[in-house]
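Colleague: Could you take a close look at one part of this model for me? I'd like to hear about a single ring and its surroundings.

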Amino acid sequence: AEGRAPNGPLVVAAVRGAVDSLGVSDALLTETVRRRPASLSLARRSVNVAVMAVRLGREVEFDERRTLALGLCGLTHDLGMLKVPEEVLESRRLTSAQLQQLQQHPQDSERIVCAFGKAFEWVGKVVVQVHERRDGSGYPKALKGDDIHEFARIIGLVDTYEAMAQ
C-alpha cells in the first residue's frame with residue numbers, strides 16, 4: 001500500500017545481512033552477478049543494485065552505518081518505476097512523451113520513499129539523484145559533479161552497469 005512505511009527493522013536486517021555477508025566473502029556478489037539473466041523484475045534488479053552498491057561501499061571503506069544507508073538507498077532507488085506505464089517499459093523506441101514519463105520516475109521514487117515518513121526523507125534526497133551524471137547530462141535536474149550525493153553517484157554507476165549487463 002502506497003504511503004505505508006515498510007517494516008524498517010526487517011529491511012535494515014536484510015541489508016545488514018548483505019553487508020555482513022560481503023564482509024566475509026564475495027559469494028553474495030558472485031551469486032548476484034551469476035543470476036543476473038533471471039533478474040528481470042524491478043525487485044530483483046533493485047536487490048542486485050543494493051548488493052553491488054554495498055560491495056562498492058565496503059571497497060571505498062565506508063563504515064557500517066554508511067554502508068547500510070547506501071544499501072537501503074540502492075534497494076529503494078527505483079520505486080518510482082512502479083508508476084511508469086507498462087507500454088513505456090516495454091517500448092523498444094520511446095517517443096519524447098514516453099521518455100518524459102520515464103525520466104519522471106526519480107521524482108516518483110523520492111515521493112514514494114518520503115511518504116514512508118520523516119525518517120526516510122534523507123533516502124528520498126538520494127534516490128532522486130541516482131540518474132544524475134557528473135557531466136550534467138543526467139536527469140531530473142542535470143546536476144553536476146559534487147552536487148550529486150555520493151550515494152547517488154555510486155548507485156547510479158551500479159544501476160548503469162546492471163542495465164547494460166541485461
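Modeller: Let's go with Phe151, which has a relative accessibility of 6% and so counts as buried, since the cut-off is under 20%. Keep in mind that this is a predicted model. So what does Phe151 pair up with? Its ring forms an aromatic pair with Phe62: the centres are 5.7 Å apart, and with 50° between the planes the pair is tilted. Phe62 is buried too, with a relative accessible area of 13%. The two partners come from distant parts of the chain, 89 residues apart: Phe62 sits in the loop between α3 and α4, while Phe151 belongs to helix α9.

Now look at the helix itself. Phe151 is also one of the α9 residues that meet α4, along with Glu150, Ile154 and Ile155. On the α4 side, the residues in this contact are Arg66, Ala69, Leu70, Cys73 and Gly74. Sorted by kind, the residues of this contact come out as 6 nonpolar, 1 polar and 2 charged.

How do the two helices lie against each other? The axes of α4 (residues 64-76) and α9 (residues 150-164) come within 10 Å and cross at roughly 55°. That angle is neither under 35 degrees nor in the 65 to 115 range, so α4 and α9 are oblique to each other. Their crossing is right-handed.

Back to the rings: a search of the whole structure finds 2 aromatic pairs. Besides Phe62 with Phe151, there is Phe116 with Phe120, whose centres are 5.5 Å apart and whose planes are at 80°, so that pair is edge-to-face. Phe116 is buried at 17% relative accessible area, and Phe120 is buried at 16%.

Technical notes: Residues numbered from 1 in each chain as written. Predicted model: local features only at pLDDT ≥ 70, side-chain atom pairs only at ≥ 80, totals over all residues. Heavy atoms only, no water. Axes fitted to C-alpha atoms, helices over the stretch in contact; angles between N-to-C directions. Helix = DSSP H or I, 4+ residues; strand = E, 2+ residues; numbered from the N terminus. Parallel < 35°, antiparallel > 145°, perpendicular 65-115°, else oblique. Left-handed = near helix turned anticlockwise from the far one by under 90°. Contact = heavy atoms within 4.5 Å. Nonpolar A, V, L, I, M, F, W, Y, C, P; charged D, E, K, R; others polar. Phe/Tyr/Trp six-rings, centres within 6.5 Å; stacked < 30°, edge-to-face > 60°. Buried < 20%, exposed > 50% of the residue type's maximum accessible area, 1.4 Å probe, protein only.
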